[in-house]
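Student: I would like a close look at one part of this protein. Please take the charged side chains and their pairings, then move on to the backbone and the rings.

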Amino acid sequence: MNNPSPRLLIMRLLTVADNHTLNISEAILAGTVFGITENSIRVTMARLVQSELAEAIAPATYRLGPKAQKLGDDVASWHTSNTKTMKSDGSWIAVATGGLPRSDRKILRARDRALSLLGFRQLDKGLYIRPNNLHGGINGVRKRLLNLGLDEEAIIFKAGDFDALRQEKALALWSDMQLVTHYKEMSAQLNEWLANKDNLSADTALREVFMLGDAAIRSVIFDPLLPAPLVDETARQQCFDTVRRFNDEGRRLWLAFFAANTVKIVQ
């Protein structure tokens, strides 16, 4: 496992902290666990403020900036991911991007990220789909996609009645993810760490719980939340429950670390 960069560490702390606020002393202390210098933390925070990914709200106190708040709010709801689904009626939510510009890499990255976060896969060139099983239906998905950076000109609609070839292709779009295997392997890895954490040094436990937890939460965030029979929903629920328990233990360890070092982190 590689240590997080100063940027990743700060953005992660800003995203998971209640009220999305972080004191610079908290960030500096967290950096010491990963061998990140105080200067690197301060320089990185200044750059995040300059790029509007973070903003100062009081002396030495920061929160997510205007360019990160909508994404941060969506990402921060990862722990309620399974409540975002409803029974599928067999239809699809589709996004047509064929007429959208492709010359601006920044716009392309935002577009790809928005579609990935909501589990869309490309069926045909410029046509992305996902099962229509998210709460809020088309309107709810449209709002989330736009908040996450999808072009306002994108066409978002309900689709169904594909020809047999495209229907077969659609049902196989997520097969490469091997989701059920992934759920079981992740649950086993996290449970094994929890069972053996008392054998680790304090610093090692802090580093590993951060990095394993970050990877696990990222996996939940980018999970396509497919309906049955495309995925075993029980296996997904069990995996997500394990990630939540792991995250709770991680927060406990980190809060104890901050308390022991006389720094109170915003929960």
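Tutor: We start with the salt bridges and work outward from there.

This is a predicted model, where local features need pLDDT of at least 70, side-chain atom pairs count only at pLDDT 80 or more, and totals for chains, interfaces and linings use all residues. Residues are numbered from 1 along each chain as its sequence is written, and side-chain values use heavy atoms, with hydrogens and water left out.

Side chains of opposite charge can pair when their charged atoms come close. Here a salt bridge is a side-chain nitrogen of Lys or Arg within 4 Å of a carboxyl oxygen of Asp or Glu. A search of the whole structure finds twelve of them.

Take Asp124 and Arg166. Their side chains meet in a salt bridge, 2.6 Å from N to O. Asp124 sits in strand β5 (residues 121-124) and Arg166 in helix α7 (residues 164-171), so this pair ties together parts that are 42 residues apart in sequence. Helices (H or I, at least four residues) and strands (E, at least two) are DSSP runs, numbered from the N terminus. Arg166 also forms a salt bridge with Asp163, where the closest N and O atoms are 2.9 Å apart. Salt bridges that share partners join Asp124, Asp163, Arg166 and Lys169 into one network.

How open are these residues? Buried means under 20% relative accessible area, exposed over 50%, and partly exposed in between (1.4 Å probe, protein chains only). Asp124 is partly exposed because its relative accessible area is 24%. Arg166 is partly exposed too, at 37%. Asp163 is partly exposed at 36%.

A further salt bridge joins Lys158 and Asp89, with the closest N and O atoms 3.5 Å apart. This pair links distant parts of the chain, 69 residues apart: Lys158 is in strand β7 (residues 155-159), and Asp89 is in the loop between α4 (69-76) and β4 (92-96). Lys158 and Asp89 are both exposed.

Some charges are grouped in a patch. Lys67, Arg105, Lys106 and Arg109 form a positive surface patch. Patches are made of residues with over 30% relative accessible area and no salt bridge; like charges are joined within 9 Å, and nonpolar side chains (Val, Leu, Ile, Met, Phe, Trp, Tyr) within 5 Å. Lys and Arg count as positive and Asp and Glu as negative, while His and the chain ends are not counted. Lys106 belongs to helix α5 (residues 105-117). Lys106 is exposed, because its relative accessible area is 56%.

One charged residue is worth a separate look. Glu26 is found in helix α2 (residues 24-33). Glu26 is buried, with a relative accessible area of 3%. Glu26 and Thr61 are 35 residues apart in sequence, yet 9.6 Å apart in space, C-alpha to C-alpha.

Now the backbone. Most residues other than glycine have a negative phi, and most peptide bonds are trans. Glu52 has a positive phi of about 65° although it is not a glycine. Glu52 lies in the loop between α3 (38-50) and β2 (54-58). Glu52 is partly exposed, at 38% relative accessible area. Leu225 also has a positive phi, about 55°, and is not a glycine. The loop between α9 and α10 holds Leu225. Leu225 counts as buried, at 8% relative accessibility. The loop between α9 (202-221) and α10 (233-260) also contains Pro229. A cis peptide bond joins Ala228 and Pro229, with omega about 10°.

Last, the rings. Rings of Phe, Tyr and Trp (its six-membered ring) pair if their centres lie within 6.5 Å; planes under 30 degrees apart count as stacked, over 60 as edge-to-face and the rest as tilted. The count comes to ten aromatic pairs. Trp193 and Phe246 form an edge-to-face pair, 5.3 Å centre to centre with 65° between the planes. Trp193 is in helix α8 (residues 179-196) and Phe246 in helix α10, 53 residues apart, and the pair links these distant parts of the chain. Trp193 and Phe246 are both buried. Trp254 and Phe257 are another edge-to-face pair, at 5.7 Å and 85°. Trp254 and Phe257 both lie in helix α10, three residues apart, about one turn of the helix. Trp254 and Phe257 are both buried. Ring pairs link Phe34, Phe210, Trp254, Phe257 and Phe258 into a cluster.

How values were computed: Areas by Shrake-Rupley, 256 points an atom, 1.4 Å probe, with all protein chains shown as cover. Charge placed at Lys NZ, Arg CZ, Asp CG, Glu CD.
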